[in-house]
Amino acid sequence: MSTAREQPIFSTRAHVFQIDPATKRNWIPAGKHALTVSYFYDATRNVYRIISIGGAKAIINSTVTPNMTFTKTSQKFGQWADSRANTVYGLGFASEQHLTQFAEKFQEVKEAARLAREKSQDGGELTNPALGLTAHQVPPSPLVSANGPGDEKLFRSQSADAPGPAERERLKKMLSEGSVGEVQWEAEFFALQDSNNKLAGALREANAAATQWRQQLEAQRAEAERLRQRVAELEAQAATEPPPVSEKQGPGQAVEQLEALVQTKDQEIQTLKSQAGGPREALDAVEREETQQKVQDLETRNTELEHQLRAMERSLEEARAERERARAEVGRAAQLLDVRLFELSELREGLARLAEGTP
């Protein structure tokens, strides 16, 4: 595809589709990402074309004719049939406003093509209805971007008079390569932007998950601390001082005192078992064992949560590092795109000056 003698008059971004030639019903996407779709005007042949480049090949190369019709099939999707290419093209836009702008420009270009055909058949002066001037007086035309005023670029016009054949072919090749390169760099830049947005979304999800895990861990720690306090209270209750043992009358020998102490202890044990405090102590012991088991379970769960939290933090750091790398790549791509655009602008200006200076 050669765009050396063509000027872009409108540009937007959309997802490109083509009708399935086998079924004539299903749509086949041209790629995973949105592509740049532009209207071009050929001042030499006085024709209009819709062009979209994906990678190194032209996805859409459709010459607009007066009998073509652009149909809106939904709020964000439109299509038209190209009998020359024997296919139907479909475009999916980001918003209804972008679809409306493209449809209005299609109608303008279609009307301009009709007027150009009538003028050509009448043998009159060929004019460019879209710009309101003759084909030999095409002024610099701005590239209107449907993505916003910040994307506008200005391209200089070329004179209808061309230099020698060899020089003309060389200029055509240079300008064609520059136009294709610009579209490729734009596509790569938008692809990097999409990747950066996805990484930012993943990072936000990871931050939210890490916050949720921290809250759960704090709740588990608070529950474990409460159970530890309960266990300490039960142990303190079980270790209360026993009632004083009455002294046994008898000789003051050490053996007799020890025997009396043992008997007293045995009686105390029997008394405690028979009293109402016995079942309560048994219940307290059971409750203490259950509480200790819960504490152990909670400590195990806390350990698992800490491992998961550390894994999540590592994933978060990796996502942040990946995001920084993506940002650096986007920055480098943007800088390189600016340099390419500046070089292309200088090339177009030099070509315009060369064409204007040719007798």
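Biologist: Which residue does the side chain of Ser 62 meet in a polar contact?
Modeller: The model is predicted, so to speak of local features requires pLDDT of at least 70 and side-chain atom pairs count only at pLDDT 80 or more, while totals for chains, interfaces and linings use all residues. Residues are numbered from 1 along each chain as its sequence is written, and side-chain values use heavy atoms, with hydrogens and water left out. A polar contact is a pair of N or O atoms within 3.5 Å, where within protein one must be able to donate a hydrogen and the other to accept it, and residues adjacent in sequence count only if both atoms are side-chain atoms. At 2.7 Å, the partner of the Ser 62 side chain is the side chain of Asp 82.

Biologist: Is Ser 62 buried or exposed?
Modeller: Ser 62 is found in strand E5, where helices (H or I, at least four residues) and strands (E, at least two) are DSSP runs numbered from the N terminus. Leaving aside neighbours within four places in sequence, Ser 62 is in contact (heavy atoms within 4.5 Å) with residues including Tyr 48, Ile 50, Trp 80 and Tyr 89. The classes rest on relative accessible area with a 1.4 Å probe and protein chains only: under 20% is buried, over 50% is exposed, and in between is partly exposed. Because its relative accessibility is 0%, Ser 62 counts as buried.

Biologist: How many bridges join E4 to E5?
Modeller: Two strands pair if DSSP finds at least two bridges between them, and one of the bridges here links Ile 51 to Asn 61 in E5. E4 and E5 form a hairpin with 2 residues between them, and Gly 55 in the turn has a positive phi of about 70 degrees. The two strands run antiparallel, and the number of bridges that join them is 6.

Biologist: Which strand pairs with E7 over 6 bridges?
Modeller: Strand E6 (residues 71-72) pairs with strand E7 (residues 77-82) in the antiparallel sense over 2 bridges, with Thr 71 bridged to Gln 79. The partner over 6 bridges also pairs with E7 in the antiparallel sense, and in that partner Gly 92 is bridged to Phe 77. That strand, spanning residues 87-92, is E8.

Biologist: Which residue in the turn between E7 and E8 has a positive phi?
Modeller: E7 and E8 form a hairpin with 4 residues between them. The residue in question is not a glycine, and its phi is near 55 degrees. At 60% relative accessibility it counts as exposed, and its name is Asn 86.

Biologist: Which element supplies the largest share of the largest nonpolar core?
Modeller: A nonpolar core is a set of buried Ala, Val, Leu, Ile, Met, Phe, Trp, Tyr and Cys residues joined through side-chain atoms within 4.5 Å. The largest one has 27 residues, and those with the most contacts inside it are Ile 50, Trp 80, Leu 91 and Phe 102. E1, E3, E4, E5, E8 and H1 each supply at least two residues of this core. The largest share, 7 residues, comes from H1.

Biologist: What length does H1 reach from its first C-alpha to its last?
Modeller: The expected span of a helix is 1.5 Å times one less than its number of residues. Buried residues of H1 include Leu 99, Phe 102, Phe 106 and Val 109, and its buried residues pack against E1, E3, E4, E6, E7 and E8. With 27 residues (96-122), the helix comes close to the expected span by reaching 39 Å.

Biologist: Which residue of helix H1 forms a tilted ring pair with Phe 70?
Modeller: Rings of Phe, Tyr and Trp (its six-membered ring) pair if their centres lie within 6.5 Å, with planes under 30 degrees apart counted as stacked, over 60 as edge-to-face and the rest as tilted, and the whole structure holds 12 aromatic pairs. One of them joins Phe 70 and Trp 80, tilted at 6.2 Å centre to centre with 40 degrees between the planes, and both of these residues are buried. For the pair with the helix, the centres are 5.5 Å apart and the planes lie at 40 degrees, so this pair is tilted as well. Phe 70 lies in the loop between E5 and E6, so the pair ties together parts that are 36 residues apart in sequence, and the partner in H1 is Phe 106.
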